[in-house]
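Please look through the sequence and the model below before reading on. The report then takes up a few helices and single residues in turn.

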Amino acid sequence: MSAATAVLRRFKFSREVVLLGVLIVLMFVMSLLSPLFFTVGNLLNTSRFFVEVGLMALGMTLIIITGGIDLSVGSNVALVSVAVGFTYAAGLPLPLAIVFGLVVGLAAGLFNGLFITLLDLHPLVVTLGTFALFQGLAYGLSNAEAVSDFPDWFAYFGQAYFLNVVPGQLFIFILAVVVVWLILSRTRFGRYVYAIGNNEEAAHFSGVPVRRVKLALYSGIGLLVGMAAVIYTSRVYTARGDSGLGLELDVISAVVLGGASIYGGSGTIGGTVLGVLIIATLRNGLVLAGVPSTWQVFVLGVLLLVAVFLNEFFRRREE
Amino acid sequence: MSEVQAPTPTEGGTTIGTGLRRWLVRPEAPALVFLAVLLVAFSLSSDKFLSGSNLESILVSVAVLGTIALAVNQVILCGEIDISTGSMMGLCAVAAGAVATSTGGLILPLLTGVAVGALAGAVNGLLATLGRIPSIIVTLGMLYALRGVILLVTGGSWITGIPDETRVLGTGSVLGIEYPVFVLLILFVVMELVSRHSTWGRNVFAVGGNRRASRLAGLPIDRVRFTAFVLVGVFVGIASIIYLGRAGSVQTNTGTGLELQVVAAVVIGGTSISGGRGSTLAALTGAVLIGVILNGLILLGVPGIWQDAVLGALILLAVATDVLRRRLLGDKS
């Protein structure tokens, strides 16, 4: 019994190490499944896909640490994509259209935040409503049409290569990781985030500005969604009402796989980054192995359930 | 009628005021008032709206939604949520459809649909109670996982040629009422009785109202919640037979997006998303309200692509009204 608990305790302290092990094993399996997997080109190419999920997962980590959730991120991607594409098609210069898209993403996040804080509603209900609202607005405003006659330089955000191998958006992601990591682990705001997740009422009575922190978090993820949506639109070179459909599953799966408790109070940026890498490797490997995308969704759905179950199982064993 | 009631929830000292107040705190009151206003508005703006055939076709169109909403209502009353019903309905329809095309008849496909639904509901219930995973995560994962199972089972192809005797629940009528409406009303009466008069029905309110107190009072909170999730599966199974009857075929994307309409129906109807407060009538009212709104939008010429936006706005409006109404009426809960 004591040996078992010792192992479990070590597991707790080295969650990131375990995830790293999983990642390496996964890469090994994938390279057996497809000879194309372990090429430098493919590995770097994979990063194109995970930057969008990764940016949103950074914001989602902080939100899940406070005990909240945002189900509307996938729909918000569609809304921003449509906002950029259709204001550009209507004659707005593209740089301004991109800025407008970022503002739309931020405003959508702020809308979530205001609804949650002013009415004391559970984020789950609010973002379930905005999940449908944003998706519907994106469909309705785009009239179910697509815009894809962007100028060549727009490809820079999603298709550019640095030194001919490293995808450009990787730098944006690395920068975002550093910034969010600093905020979470080195600032008072970061401590507030954990405090709210551990005991919101106690945090409130200790003088933590709970509402303002939440408002900042939901607006912040809106901005990250905006950035992800611009990169996404640039990568697929099309703005459509169904962009980003279902991305919330990837994002939430990555965060809980990274060790953030869905009940709030715990989670790290390092864990989330590893979670994102594991999901990207899995998706990429399944594509290379010729598994249809609908099956990937099944695998992700099951993975999400297993990850949450293991998290809560180990957490309870520790207590 | 509604014009008189709208401004009153301020301060009323008279007996009429308190009577009105008591009526207004009923969970489904705002939805019923809203429904009445909409019925008047739509019948004034379109003379086709108030015809008997249009009203019955609205009820037929919400039969699948309403049936599932009646069960999800119980899950939400427990303080849980189920957003896997869209994929679950698809899977039940696939299973029932496959049995129907090979054996025919009504009973065997119905039992298959109900069994598959109950099994999926049991998985939801087990993970949410014994697994202690929040039900939103469980059912989000199941929403995607079950859709994957549909594609695995069907291989991406449609099921067509459902025999007529299986389709009777969607196409036939009894006592002058079309079967989908008949089934919906029967299930409504059953759920009303279960909710008001059975031990489980009362336990649902207790668990949703205060889970800790319920556990300390000795209520089997896990079993109560598990039963609610299984009930959703059973009702989804019944709904899938109505769907089979009306559509006559099953596609791999059958039921996509239904889960949102179901949750919307329940909360718009007036059942509180935080559990413990609501009624069976609320779920039915909400489902009819959604049917009336979607039907009205079509009559007014609003393109179908705006449906999701309207649905989302309605969910937000409903939960906001719920909070504001409780603050105005000074409800302590």
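Which residues of α2(A) are buried? In this predicted model, the buried residues of α2(A) are A:Arg15, A:Leu19, A:Leu23, A:Leu26, A:Met30 and A:Ser31. Viewed down the axis of α2(A), these buried residues fall within an arc of 145 degrees, so they line one face of the helix. On the other side of α2(A), the residues A:Val17, A:Ile24, A:Val25, A:Phe28 and A:Leu32 are exposed. Helix α2 of chain A covers residues 15-33, which makes 19 residues. At 1.5 Å a residue this helix should span 27 Å, and its end C-alpha atoms are 27 Å apart, which agrees.

One residue of this buried face, A:Met30, is in contact with A:Leu286. A:Leu286 belongs to helix α13 of chain A, residues 269-288. Its relative accessibility is 13%, so A:Leu286 counts as buried, the cut-off being under 20%. Leaving aside neighbours within four places in sequence, the contacts of A:Leu286 are A:Met30, A:Val291, A:Gln296 and A:Val299. A:Gln296 is 10 residues from A:Leu286 along the chain, and the C-alpha atoms of the two are separated by 7.0 Å.

Chain B offers a helix with another pattern of burial. Helix α14 of chain B, residues 258-269, has 12 residues. From its first C-alpha to its last it reaches 16 Å, close to the 16 Å expected at 1.5 Å a residue. In α14(B), 12 of the 12 residues are buried, so this helix is largely enclosed by the rest of the structure. Among them are B:Glu259 and B:Gln261, as well as B:Leu258, B:Val262 and B:Ile268. Just after α14(B) comes B:Gly270, with a positive phi of about 125 degrees.

B:Glu192 is found in helix α10 of chain B, residues 179-197. With a relative accessibility of 18%, B:Glu192 counts as buried, because the cut-off is under 20%. Apart from neighbours within four places in sequence, B:Glu192 is in contact with B:Thr280 and B:Leu281.

How do two helices of chain B pack, and at what angle? Helix α5 (residues 63-77) and helix α13 (residues 221-247) of chain B pack at about 180 degrees, and their axes are 8 Å apart. Angles over 145 degrees count as roughly antiparallel, so α5(B) is roughly antiparallel to α13(B). On the side of α5(B), the contact includes B:Val64, B:Thr67, B:Ile68, B:Ala71 and B:Val75. On the side of α13(B), it includes B:Phe229, B:Val232, B:Phe235, B:Val236 and B:Tyr243. The residues of this contact divide into 16 nonpolar, two polar and no charged.

Two residues in loops of chain A have a positive phi, and neither is a glycine. The table sets them side by side.

| Residue | Phi | Loop in chain A | Relative accessibility |
|---|---|---|---|
| A:Asp120 | near 55 degrees | between α5 (94-118) and α6 (123-142) | 55%, exposed |
| A:Tyr237 | about 60 degrees | between α11 (210-236) and α12 (247-257) | 22%, partly exposed |

Why is A:Asp120 called exposed? The relative accessible area of A:Asp120 is 55%, and exposed means over 50%, so A:Asp120 is exposed. A:Tyr237, at 22%, counts as partly exposed, because its value lies in between the cut-offs of 20% and 50%.

Conventions: Residues numbered from 1 in each chain as written. Chains lettered and ligands numbered in written order. Predicted model: local features only at pLDDT ≥ 70, side-chain atom pairs only at ≥ 80, totals over all residues. Heavy atoms only, no water. Helix = DSSP H or I, 4+ residues; strand = E, 2+ residues; numbered from the N terminus. Expected span 1.5 Å × (residues − 1). Buried < 20%, exposed > 50% of the residue type's maximum accessible area, 1.4 Å probe, protein only. Arc of directions from axis to C-beta. Axes fitted to C-alpha atoms, helices over the stretch in contact; angles between N-to-C directions. Parallel < 35°, antiparallel > 145°, perpendicular 65-115°, else oblique. Contact = heavy atoms within 4.5 Å. Nonpolar A, V, L, I, M, F, W, Y, C, P; charged D, E, K, R; others polar.
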